[in-house]
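Trainee: I'd like to learn how to read a model like this one from the fold down to single residues. Could you walk me through it?

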Amino acid sequence: MNGSTSIRSVTAESLSAAGAVEGELVTVRLCGSAELGSKAMLDEFLADVLVASDGCREVVVDMTKLEYMNSSALKSLLTWIVRVRDLPELRRYTIRILSNPELHWQQRSLHSLVSMCGDVLEVEERGEQSS
Amino acid sequence: MPSNDIGFGPRRSTRASGLVRKRTVRSLAAEPEAASFSIAFGRRPKMVAMVRRVVADFYGALYDEIAAPVEQSRGWTSQVSLAAAELVENTVRHGLDGDAVFSITVASDRDDPGRVHVVSVSTRNRADASQRELVLRRVNELRTTPDLFAFYLALLTESTQQGGSSGLGLARIRVETRMDLHCSIDGDELEITASARVGPGVPVLGPPRRDGPERTRSR
């Protein structure tokens, strides 16, 4: 397990990303808007998450305050999910995305990702988180 | 860099450096409820977010006016602003000189005038031959493929295996918003339009559904 690994918080353009490792659980929070100019940062951040989550049981991604994600950022997210799906079985973990039902794009975009990677990915609809 | 040029109305002429265009939007006399809005801009990445918000406000107000239920209005607004953002982003990324015109139009639906509207978002920009060909081919594929969702999943898979831009924007518009796509080429100018019908009794469409376990739950 990689419990002591930290995940660097990053901000680019209108997107901020932060993560934390707590034992076998990794939590990630994406806030703002992932648009033109934020892909490189998001790629780097998710690469950090991939390393930090080695040996974990579940990664929870809170997207309840993610107002919008463009197709490049969607590709970044999917690429990370596919990497997790392609890990050897013993190292593979579940990704649980917390989505905001009021942000309609999330339901539509995440539906496609679940259709592709439903063996490691699930989506849970939540209202906006308070903190 | 050209200054941004914004205009309202049924008849519109826009000019941006390297892109001169005269355009006539449908006659208001023929279609009393038609309205249009267009903006010309240079290669400015921040325009993408701005356009997305303007479109959301514009259509949010329209849907209020036609008294659409809140959930339906939010769904339509989300769809059209996603389409606008993807189209504008494409012009910023792939336009030949960065100059582009973005337009939104609302018109009465021919089959159900007064009750149902057709909303359209479009971009027009100069593009090189390979980009024009790529867009034309992709739009045709999206209009004719027998299994749209399978086509999209294949594109998603392909995108994770290659670097560079995602190449998903147009497919995302067609699949996730279910808006119709149309592409026209005039010399080296490329125009892409996404349109949808909105109004009472017109459902907010999402991506095509597949049978199988749905791993989404509400809490």
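Mentor: Happy to. Keep in mind that this is a predicted model. Start with the inventory of elements: chain B has five helices and nine strands.

Trainee: In what order do the elements of chain B run from the N terminus on?

Mentor: Read it as a string: β-β-β-β-α-α-β-β-α-α-α-β-β-β. Next, look at burial and at how far apart in sequence the contact partners are. In chain B, 52% of the 219 residues are buried. Of its contacts with a separation of 6 or more, 72% are between residues 24 or more positions apart.

Trainee: And what about the surface of chain B?

Mentor: Chain B exposes about 10400 Å², and 50% of that comes from carbon and sulfur atoms.

Trainee: Let's go to pockets. What volume does the largest one have, and which residues lie nearest its centre?

Mentor: For any pocket, take volume, then lining, then the elements behind the lining. Here the volume is about 480 Å³. The lining counts 29 residues, with His94(B), Leu134(B), Arg138(B), Gly167(B) and Leu168(B) nearest the centre. Elements giving two or more residues include helix H2 (71–85) of chain A, and in chain B helix H2 (70–94), helix H3 (129–144) and strand S8 (189–198). H2(B) has the largest share, seven residues.

Trainee: What does the lining look like by class?

Mentor: Nine residues are nonpolar, 15 polar and five charged.

Trainee: How does the second largest pocket read?

Mentor: Same routine. The volume is about 350 Å³, and 17 residues line this second largest pocket. Nearest the centre are Glu67(A), Leu103(A), Ala56(B), Ser78(B) and Ser81(B). Two or more residues each come from strand S4 (58–69) and helix H3 (104–117) of chain A, and from helix H1 (46–65) and H2 of chain B. H2(B) again gives the most, this time five residues. By class, the lining has five nonpolar, five polar and seven charged residues.

Trainee: Now the core. Which members of the largest nonpolar core touch the most others?

Mentor: Look for the residues with many partners inside the set. The largest nonpolar core has 96 residues, and those touching the most other members are Leu30(A), Phe45(A), Met69(A), Trp80(A), Tyr59(B), Phe102(B) and Val121(B). The largest share of this core, nine residues, comes from H2(B).

Trainee: Could we take Tyr59(B) as a worked case? Which residues is Tyr59(B) in contact with?

Mentor: Skip the neighbours within four places in sequence, then list what is left. For Tyr59(B) that gives Thr77(B), Val80(B), Ile104(B), Thr105(B), Val106(B), Val119(B), Ser120(B) and Val121(B).

Trainee: Next, Ser72(A), which lies in helix H2 of chain A. Is Ser72(A) buried or exposed?

Mentor: Compare its relative accessibility with the cut-off. Ser72(A) is at 2%, so it counts as buried, because buried means under 20%. Setting aside residues up to four places away in sequence, Ser72(A) touches Lys39(A) as well as Glu89(B), Arg93(B) and Ser166(B).

Trainee: One last feature: backbone angles. What is the phi of Arg178(B)?

Mentor: Check the sign, and check whether the residue is glycine. Arg178(B) has a phi near 60 degrees, a positive value in a residue other than glycine. Then place the residue: Arg178(B) sits in the loop between H5 and strand S7 (180–186) of chain B. With a relative accessible area of 29%, Arg178(B) is partly exposed.

Methods: Residues numbered from 1 in each chain as written. Chains lettered and ligands numbered in written order. Predicted model: local features only at pLDDT ≥ 70, side-chain atom pairs only at ≥ 80, totals over all residues. Heavy atoms only, no water. Helix = DSSP H or I, 4+ residues; strand = E, 2+ residues; numbered from the N terminus. Buried < 20%, exposed > 50% of the residue type's maximum accessible area, 1.4 Å probe, protein only. Contact = heavy atoms within 4.5 Å. Areas by Shrake-Rupley, 256 points an atom, 1.4 Å probe, with all protein chains shown as cover. 1 Å grid on protein atoms, 1.4 Å probe; cavity = no way out; pocket = protein on both sides within 12 Å on 5 of 7 lines; lining within 4 Å. Points joined across faces, edges and corners; volume = space filled by probe spheres on them. Nonpolar A, V, L, I, M, F, W, Y, C, P; charged D, E, K, R; others polar. Core = buried A, V, L, I, M, F, W, Y, C linked by side-chain atoms within 4.5 Å.
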